[in-house]
Structure formats: structure tokens, C-alpha cells
Amino acid sequence: MEWTREERYQSLESYPKVAYDALLEQTAASPYRQNFHIQPPTGLLNDPNGFAYFNGQYHLFYQWFPLGPVHGLKYWYHTVSDDLATFKNAGVAIRPDTEYDSHGAYSGSGIVVEDTLKLIYTGNHRTEDWERIPYQMVATMHKDGTITKDETPIINGPHAGFTDHFRDPKVWYENDCYYAVIGAQRFDETGTIVVYQSEDLKSWSFVSELKTEYTDFGYMWECPDYFELNGKDVLLFCPQGIDKYEDKYWNIYQSGYVLGSLNKATFEMTHGEFIELDHGFDFYAPQTTLDKDGNRILVGWMGLPDTGYPTDKEGWAHCLTIPRVLTIEDDKLRQRPVPSLQSLRGEVETAEGYATKKNIKLHPYEGTQYELIVDVLDNDSTEFYIELRVSKKESTMITYNKAERRVTLDRFDSGLLPEGVDGYSRSVVLDEALTQMQMFVDTSSIEIFLNDGEKVMTTRIFSSPEAKGIRTSTESGQVYFKFTKYELRGANE
Ligand code: FRU
């Protein structure tokens, strides 16, 4: 279905209640609804926004177009959590109801200031001639949960030298000063990040570009994030327009980081190469915050722009990833699922045994919603295979090639497939031989953490409810595995 401009920019407030109730019902009836992932009640979810610990709870917002599975008029939807495992829906937080955000309350971040949570985001305005003007705006969430918006933007339009692709402020506080990184496009249509600073969050001044060694790396960088972690500076960003190369950059847009050292006087960063945060099919626009104990937590959008998903037909699309704890160990970024997810674990089954050329079904192991830890205790195979969500016709296949240390996730036979996606598999080469896989399987997704967070592969799959089996086999030779499987209870409201 083609959406007209009027349909895309229709507001939730002007939409008839009965029609909205019908959307709620249609969405709830989808066989692909997730059980322990944040997903929209209707319509389309994209970037996580405003992620912060405030007033004794975690607040995680997301980009939301309520009225269908398209990128239309964006709101901020609000979820809250005590533990980062179970989230409750808390309704709309920011409405695109001023001139400055008339065409969308776009992505932004949250920062706690005294007893408020400041939400700093991009107001997307279009003129009558459909010219885009990005405004950086502030909304304030008070302790009682109410949200008020500042009347005027803190930054009007793009800075000189940059196009109207100027958005997604991420704010932090350091040395008595607030800083913001904003995703930008130079006039020569290359992507970059700019830095602003402010003493009071109200009056902001342009500092400079954040200068990296990537001076010509895609046409736009979305959703930047900067933080210090274990003594290193980490810069996350989402470059658009990078060509695929060997196993890299197969998705339409990329999401990754550079590690190094950022000079806060010149905003020059010395750093290593850009590394993708995730090696699956569906991951974009992540955002981080600190948890109450000071751990750096990341959540991503489990989806990508400009891609058709099977649930579009049901009027909704996408979910967020499970939260991950970031650390830097031996100069490498690791991502592990937040430990609180263990609270969702129910019944456990364990088994040890050999996988050989013969395809074996792990009986009674099966399901559509579980955590599966596979320890690779002894691997003499050339290549081994683990298949999940197996039915007579379906299978989602994970292959490990020992000589190449290469893990491949193949969803050719997973069931319904998203449209506009290059290829049916994604691969990553590990630094160390594969010793462990920790997999989180929900109704329509898999998140695979390899070697205790060395690499992650996140992917939506749209398999039928009968596709429950788990199978193992090898190309030749044998592998000794230990399997630990936990039932996971639902964590949605
Ligand atoms: C990234 C993005 C952001 C923008 C938002 C709009 O997915 O394009 O740059 O703020 O989505 O929903």
C-alpha cells in the first residue's frame, strides 16, 4: 500500500478512536508479536531515544509513528523499567505539536538535571515547499511524569557549512559543561558529527566538527553517541552510503564505532578502524546510557530504514533489541546481555553430546521463546551447523567454519523474509575460535552473542509457530557440545 503525504503526516490526535482501536486489535493479533522485546502497540517503532535512569527507574523512549508501518509523523513513545529486563508501556511522551517539530519529534537523548530528565531532540519541520528545517529542542520530564516543552529551540537550523540533515543530539556533562554531538552532512554530501556546548542547557554554541580520520565515509552520519569506557573514548555513529566489502557493511545502513582518544580541546579523535556493532540483518541507531551502577548499557533498533517487513501487512513494524552491557577488554569492545535478563529464566534443560554428520534433533529441546547457551567443548569438525526454529520446511541456520573462524547466519529458509535486503546470510570472522554462543530467541527474532560478547548477530525471523525444533550436525568430523536451555517468560506489559 502506498501512503500519501497526508496519510503519513496525519496526527494520532486527529485519528478517529474507533479506527485506532482497530489498529490496536490488528497489531495484537499478529503471530509475530514478541514476548520480551519492546515493540509498538501499533504502527512503526524505530530508534531508541532518551534512554536514562531517572527518579529510581529506567526510562527508554522510542521513535513512533502510530498509524501504520511507515516512517510518518514521529512521536516519542515512553517505556519504563525497574531492572532493564521487564518494561512497561507508559504512553506518548513527546508529541509533534509545535511549529518546530511539526513534521516529527525526531531522535534525541536524555540527561538528568537536578530532579528532572531533560530530553533533547530534533524537531523536524517542513515548510510549505517541503524544505526541511531541523531544530534542536528540549522537553523536560518532571518527577511526577509530566512533560513540558521549551517554547523555543536551543539550536535553529543547521550550522553554516552543513545541510538540513542535522539531527539526533546526544548530550553529556563533563567539566562543568554540557556537550552535544549531532549527526550531520557537510555541503559536499559527506557525513560527519558536530559538537556544541552549553553551560546551562539553554544557550548553546557551536564548537567544531568532531574530527575523525573518516573524512569521506558515507553521505550522512545518524545517531551519534560518545562516551568514555574503561579509559578509552568510544564514538558510535550510523553512516549511510558505505559500500559492502567482504563480510562487512551488507545492511542498507551501518552502525558501528571507533575506539581511541578524543581531545576535548580540539575535538580531534585519534582512533582505530570503524567496527560494526552487530553482524546480523536487523540492527540500527543504537543509544547508550549508564545504569544505576555505572555500567554502560546499549539498546538498538532491531530494524532498518527502507526495508519492507512481513508485519507491514499487519499494520505494525519493529522492536528494540535486548539491552547489552558494554565493556572494553584488551582494547576490544564487548557486548553482553544485561544480567537482569536472568530473572526471565524459567525451566532449564541441559545436555551434553556429540554432533556428527548425521543431523540430530535435540529432543525434547524446542520452542519459540528461550535462551540457549551452546558451549563448544571440543570441536573436530570442519564446519558445524546449529539450526533453530526448525519445521518441515523452515530452518534458521548458524554455521561455524573452524578453519576460517567464521560464523554465518542464514535465513533463506527462515520463513517470510523482509524485502529490499541484500543476500540471505550474514557472516563474521571471530578473533578467537568459537567456544560459546548465547542465543535469545523470541517469537520473531534471534540475538546471538558469540564468545561471551566478542561479536553479536541480531536478526528478525518470521517463521511459522510450528517451527520450534533445534538441530545440530557437522559437515565432517564431530563436535562435543553442552547445551543449556532456559524457557523465558514474557516481559511485556
Ligand atoms: C534514524 C533516523 C534519525 C531520525 C529518526 C527519525 O533511524 O533517521 O536520524 O532522527 O530516524 O525517525
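The exercises below deal with the ligand site and with the setting of several single residues in a predicted model.

Residues are numbered from 1 along each chain as its sequence is written, and side-chain values use heavy atoms, with hydrogens and water left out. In this predicted model local features need pLDDT of at least 70 and side-chain atom pairs count only at pLDDT 80 or more, whereas totals for chains, interfaces and linings use all residues.

**Exercise 1. List the residues that surround the ligand and sort them by character.**

Step 1. A residue is near a molecule if one of its heavy atoms lies within 4 Å of it. The shell consists of Asn-46, Asp-47, Gln-63, Lys-74, Tyr-106, Ser-107, Arg-167, Asp-168, Glu-222, Tyr-284 and Trp-301.

Step 2. Sorted by character, the shell has 5 charged, 3 polar and 3 nonpolar residues. Here Asp, Glu, Lys and Arg count as charged, Ala, Val, Leu, Ile, Met, Phe, Trp, Tyr, Cys and Pro as nonpolar, and the others, Gly among them, as polar.

**Exercise 2. Find polar atoms of Asp-47, Ser-107 and Glu-222 that lie close enough to the ligand for a polar contact (a pair of N or O atoms within 3.5 Å).**

Step 1. Among side chains, Glu-222 places a polar atom 2.7 Å from a ligand oxygen, and an N or O atom of the Asp-47 side chain is 2.8 Å from a ligand oxygen.

Step 2. Ser-107 takes part through its backbone, with an N or O atom 3.2 Å from an oxygen atom of the ligand.

Step 3. The protein buries 92% of the 320 Å² that the ligand exposes when taken alone (accessible areas by the Shrake-Rupley method with a 1.4 Å probe).

**Exercise 3. State which elements give two or more residues to the shell around the ligand.**

Step 1. Strands are DSSP runs of E with at least two residues, numbered from the N terminus.

Step 2. The elements that meet the condition are β1 (43-54), β5 (105-113) and β10 (162-174).

**Exercise 4. Describe the backbone and the surroundings of Leu-201 and Asn-451.**

Step 1. Most residues other than glycine have a negative phi. Leu-201, not a glycine, has a positive phi of about 75 degrees, and Asn-451 has a positive phi near 50 degrees.

Step 2. Leu-201 belongs to the loop between β12 (191-198) and β13 (204-209). The loop that holds Asn-451 runs between β32 (445-450) and β33 (455-460).

Step 3. Leu-201 counts as buried because its relative accessibility is 5% (buried means under 20%, exposed over 50%, partly exposed in between; 1.4 Å probe, protein chains only). Asn-451, at 8%, is also buried.

**Exercise 5. Decide whether Phe-281, Ile-328 and Phe-206 are buried or partly exposed, and place each in the fold.**

Step 1. Phe-281 has 1% relative accessibility and is therefore buried. This residue lies in the loop between β18 (275-276) and β19 (284-290).

Step 2. Ile-328 is part of strand β22 (residues 324-329) and, with a relative accessible area of 10%, is buried.

Step 3. Phe-206 in strand β13 has 26% relative accessibility, so Phe-206 is partly exposed. Between Phe-206 and Tyr-179, 27 residues apart along the chain, the C-alpha separation is 9.9 Å.

Conventions: A polar contact is a pair of N or O atoms within 3.5 Å; within protein, one must be able to donate a hydrogen and the other to accept it, and residues adjacent in sequence count only if both atoms are side-chain atoms. Helices (H or I, at least four residues) and strands (E, at least two) are DSSP runs, numbered from the N terminus.
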